[in-house]
Amino acid sequence: MKFTAEQIAGILEGSVDGDPNVEVSRLSKIEEGTEGSLTFLANPKYTPFIYKTKATIAIVDHDFQPEHELTLTLIRVENAYSSFSKLLEYYNQVKLNKSGVESPVYISDSATYGENIYLGAFAHIGENVRIGNNVKIYPNVYIGDNCVIGDNCVLFSGVKIYSDCILGNTVYAHSGVVIGADGFGFSPDESGSFSRVPQIGNVIIEDNVDIGAGTTIDRATLGSTIIRKGVKLDNQIQIAHNVEIGEHTAIAAQTGIAGSTKIGKYCRIGGQVGIVGHLIIGDRVKIQAQSGIGRNLKDDEAVQGSPALAYSDYNKSYVHFKNLPSLVQQINNLEKQKSNDK
């Protein structure tokens, strides 16, 4: 799809400096711009590239004054970075604007869905499923019985949603996401073998949640595993049964959260963090990457390490840890000196 400079300026509420009819069909970084692409200049250190780039259009701030001749058309806006971000969102919406029902798909007779739906080939929609308006369901998605999918959700290829789970509005689940698989519930007997504990709860995901590729969210043993509104989950995260994650918390890749732990609002959790079960993590907590959390954390704590320490204590301790070889040598020298003095 092609857009003219004039059309783009209209979307961004900007002005055209150059040819308003020139067309672009793709986006690019300024240092990698090619003919027919649109780029932007927001960071001054990239200014030299605007005189070399082969991009056709560049978005710049209103006050940008070129020091050399330019060969490309400029779109002047209040803030180039935020305008380019707005354009990325618009481009993504256009790209994902699929509609209609492909063939073959399976839709249960008892399932219902709203307006402007997209159902990709080989999608499976189970009994009593309710799907809202403007939902995009890509090929090979499985939605189990009695699920509810709200408005404006996007389920990319290969997403699996087990029975009885509930998704709110504007939930994005990327390829390979599994929602509602059994929690890790097994009971050992006297011989050391295990019996399965039935997992009969569900998963509830509230509005405006993003779930990265390969992330798994287990159903509750009883009740619900709950992901509150605005939560952002990276790729390959494991969320166990009966976990609750508070509003607007963000979690980076490869983090694992064990069963029944409750995480507060506005937390920031780095990659490869491990959190044991049955803990309470307060609001606005910051956990650095690769930390191991084995205790409750109060509101506003910042921790690092395994087991995790207060962030400032960890940094102080790490300085001494790095100096351990020299400290050991100093101790050995003192012991030798003490022996010689005898």
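Mentor: Before you look at any sheet here, one ground rule: two strands pair if DSSP finds at least two bridges between them. Keep in mind that this is a predicted model.

Trainee: OK, let me try one. How many bridges join strand β24 to strand β27?

Mentor: Four, so with the cut-off at two bridges they count as a pair. β24 covers residues 202-205, β27 covers residues 224-227, and the two run parallel. For a residue to look for, take I204, which stands opposite I226 in β27.

Trainee: And which residue in β30 does I226 stand opposite?

Mentor: That's E244. β27 and β30 (residues 244-245) pair in the parallel sense, over two bridges.

Trainee: Where do these strands fit in the whole sheet, that is, in what order do the strands run?

Mentor: Read the sheet from one edge to the other: β10-β13-β16-β19-β24-β27-β30-β33-β36. That's nine strands in an open sheet with parallel pairing. β10 (112-113) and β36 (280-281) each have a single partner strand, so one side of each is left without a neighbour in the sheet.

Trainee: Let me check another step in that order. What is the bridge partner of V148 in β19?

Mentor: I166. Strand β16 (residues 148-149) is joined to strand β19 (residues 166-167) by two bridges, and the strands run parallel.

Trainee: What about the sheet that contains β17 and β20: is its pairing parallel or mixed?

Mentor: Mixed. Twelve strands make up that open sheet, in the order β8-β11-β14-β17-β20-β25-β28-β31-β34-β37-β39-β40. Its edge strands, β8 (100-101) and β40 (308-310), each pair on one side only. Within it, β17 (residues 154-155) and β20 (residues 172-173) run parallel and are joined by two bridges, with V154 partnered by Y172.

Trainee: Now the helices. Which strands does α4 lie across?

Mentor: β39 (302-305) and β40, and α4 runs at about 100° to β40.

Trainee: Moving to the surface, which residues make the nonpolar patch?

Mentor: Y318, F321, L324 and L327, over about 380 Å². Two helices, α4 (311-322) and α5 (324-341), each supply at least two residues of the patch.

Trainee: F321 sits in α4. Why does F321 count as exposed?

Mentor: Compare the value with the cut-off. Exposed means over 50% relative accessible area, and F321 counts as exposed because its relative accessibility is 53%.

Notes: Residues numbered from 1 in each chain as written. Predicted model: local features only at pLDDT ≥ 70, side-chain atom pairs only at ≥ 80, totals over all residues. Heavy atoms only, no water. Patch = residues over 30% accessible without salt bridge, like charges linked within 9 Å, V, L, I, M, F, W, Y side chains within 5 Å. Areas by Shrake-Rupley, 256 points an atom, 1.4 Å probe, with all protein chains shown as cover. Salt bridge = Lys/Arg side-chain N within 4 Å of Asp/Glu carboxyl O. Buried < 20%, exposed > 50% of the residue type's maximum accessible area, 1.4 Å probe, protein only. Contact = heavy atoms within 4.5 Å. Axes fitted to C-alpha atoms, helices over the stretch in contact; angles between N-to-C directions.
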